[in-house]
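Could you walk me through this protein, one selection at a time? Open the viewer and follow along.

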Amino acid sequence: MAARTLRDPKERIATLLVVPFMNCGAKLPVYAVLIGAFFSGHKAQMMFYLTLLSWGFALFAAKFIRATVLKGPKTPFVMELPPYRMPTLRGLLIHTWERTWQYIKKAGTVILGFSIILWVMMTFPEPSENQTNFYENQRKRLTQSFLASPDVMQWVKSEKELADFNGLYDLMLQATKENKDISHADFDKQSFFPLIKAIFFLQNIKFIKQEIDRANLTAATRYISYKNDMSGIDIQEQQSALKGTFAGWIGQRLETITKPLGFDYRTNIALVGGFAAKEIVVSTLGTAYSLGDVDLDEAGSLSQRLKNNPDWNPLLAFTLIIFTMLYVPCMVTVIMIRRESSWKWAGFSIGFN
């Protein structure tokens, strides 16, 4: 809207087309998540470099547009500025409330609405019964193989005892993470306790300080392997279910275009949502990488999940940052470009970016 002060219509349109390249408050959450995950030691420097990059891209785009589709002579720009005055507390509060209310309306309408739509598209249609049975059978076979192991049979003899053991293990693990003081006497009576001590020993969890019977380490190793394999099945089921949804179908079709950049279907889904509002990129990535998690607290933050994901690395994160900086403007920006110019230039902005 500030471009209205430009007298030359070509310069005004060029400004409208260049503004979306600049870093805005909607893009910063995407930067914050990825920088926190992969560039945590250089957060301030990365934000500074990204600011310089956005300026550079905007200047290059302006030069290109003015030299091609909007050729014309340069006109001088003179703008009369009012005298600077110390802001008043009342004026500050009014402007703060206006900006806050403006964003509340955006978050409560555009962002929330499209987040719900994307969640529905990432949830339906649900997996078929055959697909669900396939992964359930995999879990049963894995559990039966684990229970049939001679090293494990002396500790856990049935699926019910395995469920009890898992409950005790999770209870002690949670207590350890929360640094709670738990009396060993409460657990010494449990027949599983020696095996749990061996598991904690192998996982380098500093909770048990007693000597470990090395005869139990083999069973502990099998249990850790069993847990990892079960988690792998859960991840496979989650990804298979997401691929079968409406959003998964769209994301997979876009992989043909984004594969050279390293973006998979989950990232593509987030980028499609980013057309509505760039903040949705973060919420959609969070949904895509948390589907199937039984305990969201255990899943950790989105930054942590991306950092621990073997498919992600600093180069991919930086590529996504640059892509978010440059690709299509959000829907609200496109509407404003149309209001200040025409649908032709709004469409050009989408296609050009």
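Before we start, one definition will help: a residue counts as buried when its relative accessible area is under 20%, as exposed when that area is over 50%, and as partly exposed in between. Take Phe 348 as a trial case: its relative accessible area is 26%, so Phe 348 is partly exposed. Please also keep in mind that you are looking at a predicted model.

**Stop 1: the whole protein**

Show everything as a cartoon. You will see 18 helices and zero strands. The radius of gyration is 27 Å, well over the 20 Å that the globule rule gives for 353 residues, so the protein is more spread out than a compact globule. If you turn the model along its principal axes, the C-alpha atoms fill a box of roughly 85 × 50 × 35 Å.

Now switch on the surface. About 21,400 Å² is accessible, and 61% of that belongs to carbon and sulfur atoms. Of the 353 residues, 37% count as buried. Colour by charge next: the protein has 39 positive and 30 negative charges, and the mean positions of the two sets are 15 Å apart.

How do the contacts spread along the chain? Among contacts between residues at least 6 apart in sequence, 69% join residues at least 24 apart.

**Stop 2: aromatic rings at the end of the chain**

Select the Phe, Tyr and Trp side chains. A search of the whole structure finds 18 aromatic pairs. Zoom in on Phe 21 and Phe 352: their ring centres are 6.3 Å apart and their planes stand at 90 degrees, so this pair is edge-to-face. The two residues come from distant parts of the chain, 331 residues apart, with Phe 21 in the loop between helix H1 (9-18) and helix H2 (28-38) and Phe 352 in helix H18 (residues 343-352). Is each partner buried or partly exposed? Phe 21 is buried, with a relative accessible area of 6%, while Phe 352, at 29%, counts as partly exposed.

Stay in helix H18 and select Trp 345 and Phe 348. These two lie three residues apart, about one turn of the helix. Their ring centres are 5.6 Å apart and their planes are at 80 degrees, so this pair is edge-to-face. Trp 345 counts as buried, at 14% relative accessibility, whereas Phe 348 is partly exposed.

One more residue here: Ile 350 also lies in helix H18. Its relative accessible area is 30%, so Ile 350 is partly exposed. Which residues does Ile 350 touch, not counting those up to four places away in sequence? They are Phe 275, Val 328, Pro 329 and Val 334. For a sense of scale, draw a line from the C-alpha of Ile 350 to that of Asp 234: the two are 38 Å apart in space and 116 residues apart in sequence.

**Stop 3: a cluster of rings**

Select Phe 146, Phe 165, Tyr 169, Phe 192, Phe 200, Tyr 223 and Tyr 226. Ring pairs link these residues into a cluster. Then add Asn 166, which you will find in helix H7 (residues 159-177). Asn 166 is buried, with a relative accessible area of 18%. Leaving aside neighbours within four places in sequence, Asn 166 is in contact with Tyr 223, a member of that ring cluster, and with Lys 227.

Next, pick Ala 219 in helix H10. Ala 219 is buried, at a relative accessible area of 3%. Beyond its neighbours within four places in sequence, Ala 219 is in contact with Asp 151, Trp 155 and Leu 195.

**Stop 4: a covered helix**

From Ala 219, travel to Gly 273: their C-alpha atoms are separated by 46 Å, although the residues are 54 apart along the chain. You have arrived in helix H12 (residues 265-274), which is mostly covered, with nine of its ten residues buried. Gly 273 is one of the buried residues, which also include Tyr 265, Arg 266 and Leu 271. What do the buried residues of H12 pack against? Show H4, helix H10 (217-243), helix H11 (246-258), helix H13 (280-288) and helix H16 (314-326) to see their partners.

**Stop 5: an unusual bond**

Most peptide bonds are trans. For a cis one, select Phe 124 and Pro 125, where omega is about -5 degrees. Pro 125 sits in the loop between helix H4 (89-121) and helix H5 (129-147).

Technical notes
Residues numbered from 1 in each chain as written. Predicted model: local features only at pLDDT ≥ 70, side-chain atom pairs only at ≥ 80, totals over all residues. Heavy atoms only, no water. Helix = DSSP H or I, 4+ residues; strand = E, 2+ residues; numbered from the N terminus. Rg over C-alpha atoms; globule rule 2.2 N^0.38 Å. Buried < 20%, exposed > 50% of the residue type's maximum accessible area, 1.4 Å probe, protein only. Contact = heavy atoms within 4.5 Å. Areas by Shrake-Rupley, 256 points an atom, 1.4 Å probe, with all protein chains shown as cover. Lys, Arg positive; Asp, Glu negative; His and termini not counted. Charge placed at Lys NZ, Arg CZ, Asp CG, Glu CD. Phe/Tyr/Trp six-rings, centres within 6.5 Å; stacked < 30°, edge-to-face > 60°.
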